[in-house]
Amino acid sequence: MAKIISVCSEKGGAGKTTATLNIARGLAKKGKKVLVIDLDQQGNASRALGYIKDGKYTISEVIYNLSAGMETDYADTVRHSESGVDYVPSSPMLTGITTFMANDSDSNYVLKRAVQNDVYAQYDYILFDCRTLLDLLVSNAMNASDYIVIPVECGVFSFDGLEKMLNKVTSINNSTNKNLRVLGILLNKFNRTNVSSSIVDSVREEYEKLTFDTVIPFCPAQSETAVLNQKCCVDDKNSSMGIAFTRVSEEILNRIEE
């Protein structure tokens, strides 16, 4: 049965999609079979993995069919990227998908039912790249997940989004998924300024046990190069971001599998 991780941030610009893709690739390089499910209507993760519209179902149709009681060929929803990470792409239909989900008699667990099908369950890891809006769709992802990774940008106001995400996890624990736990707070976009250093120190002081040891450096040129080449930073042995995300992937395996 797959271990399921939601990568969530209430604040935009925290780097959740970059984190999702690089963690997924890092796990794949460790021999794990990984599936990324893109839950952001912007579809950045899908494009980065090479998605081109092909007429097949996206995650939007999966959710719609489940909510409507219709059948889905799950094998036909999975695409294969050159990086070795499989994915289910997003579509603009996700913008209003919660309207359909709300009509489901079991609306809190639509995605949980989806990932329990045999096609998705065969993976070692499933990663949800969640959108920033903490709505029914993101709650569904968290209800379907075993773990959550929270990227935090090492900048001003970062604590606001972190506190909201931790409160959301507590709310989910107390209501719809008592087994969800924070796998780690990921300190991201560290740029060696006094502000960044202060944020790192403050987060570690407040949430020492939850915070990953590895800090991800802010290297926009490395991110842009990776996107243009449709590859992940972890595939570049000279990338400081890639080295850092490889270490985070190792931390994740240690926290889950040891």
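Reader: Where does Asp160 lie?

Author: In this predicted model, you'll find Asp160 in helix α8.

Reader: Why is Asp160 called partly exposed?

Author: Set the value against the cut-offs. Partly exposed is the range between buried, under 20%, and exposed, over 50%. Asp160 has a relative accessibility of 43%, so it counts as partly exposed.

Reader: What makes the surface patch with Asp160 a negative one?

Author: Look at who is in it: Asp160, Glu163, Asp201, Glu205 and Glu206. Asp and Glu count as negative, so a patch built from them gets that label. Two elements, α8 (158-173) and α9 (194-206), each give two or more residues to this patch.

Reader: Which element gives the largest share of the negative patch?

Author: That's α9, with 3 residues.

Reader: How do you know whether Val34 is buried or exposed?

Author: Same trick: buried means under 20% relative accessible area. Val34 comes in at 1%, so it is buried. Its place is in strand β2, which runs over residues 34-39.

Reader: What is Val34 in contact with, leaving aside its neighbours within four places in sequence?

Author: The list is Ala24, Leu27, Ala28, Val85, Asp86, Tyr123, Tyr125 and Leu127. Contact here means heavy atoms within 4.5 Å.

Reader: How many residues apart in sequence are Val34 and Ile52, and how far apart in space?

Author: They are 18 residues apart in sequence, and from C-alpha to C-alpha they are 20 Å apart.

Reader: What makes α3 "mostly covered"?

Author: Just count: 7 of the 10 residues in α3 are buried. Those are Ile59, Ser60, Val62, Ile63, Asn65, Leu66 and Ser67.

Reader: What do the buried residues of α3 pack against?

Author: Quite a list! They pack against β2, β4 (86-88), α4 (97-102), α5 (110-115), α6 (118-121) and α7 (136-144). Strand β2 is the one that holds Val34.

Reader: Why is Tyr64 called partly exposed?

Author: Tyr64 lies in helix α3, residues 59-68. Its relative accessible area is 30%, and that sits between the limits of 20% and 50%, so Tyr64 is partly exposed.

Reader: Which residues form the nonpolar patch on the surface?

Author: Tyr64, Met70, Met93 and Phe100 form it, and together they have about 320 Å² of accessible area. Val, Leu, Ile, Met, Phe, Trp and Tyr are the side chains taken as nonpolar, so Tyr, Met and Phe fit the label.

Reader: What follows α3?

Author: Gly69 does, and its phi is positive, near 75 degrees.

Definitions and conventions:
Residues numbered from 1 in each chain as written. Predicted model: local features only at pLDDT ≥ 70, side-chain atom pairs only at ≥ 80, totals over all residues. Heavy atoms only, no water. Helix = DSSP H or I, 4+ residues; strand = E, 2+ residues; numbered from the N terminus. Buried < 20%, exposed > 50% of the residue type's maximum accessible area, 1.4 Å probe, protein only. Patch = residues over 30% accessible without salt bridge, like charges linked within 9 Å, V, L, I, M, F, W, Y side chains within 5 Å. Areas by Shrake-Rupley, 256 points an atom, 1.4 Å probe, with all protein chains shown as cover. Salt bridge = Lys/Arg side-chain N within 4 Å of Asp/Glu carboxyl O. Charge placed at Lys NZ, Arg CZ, Asp CG, Glu CD.
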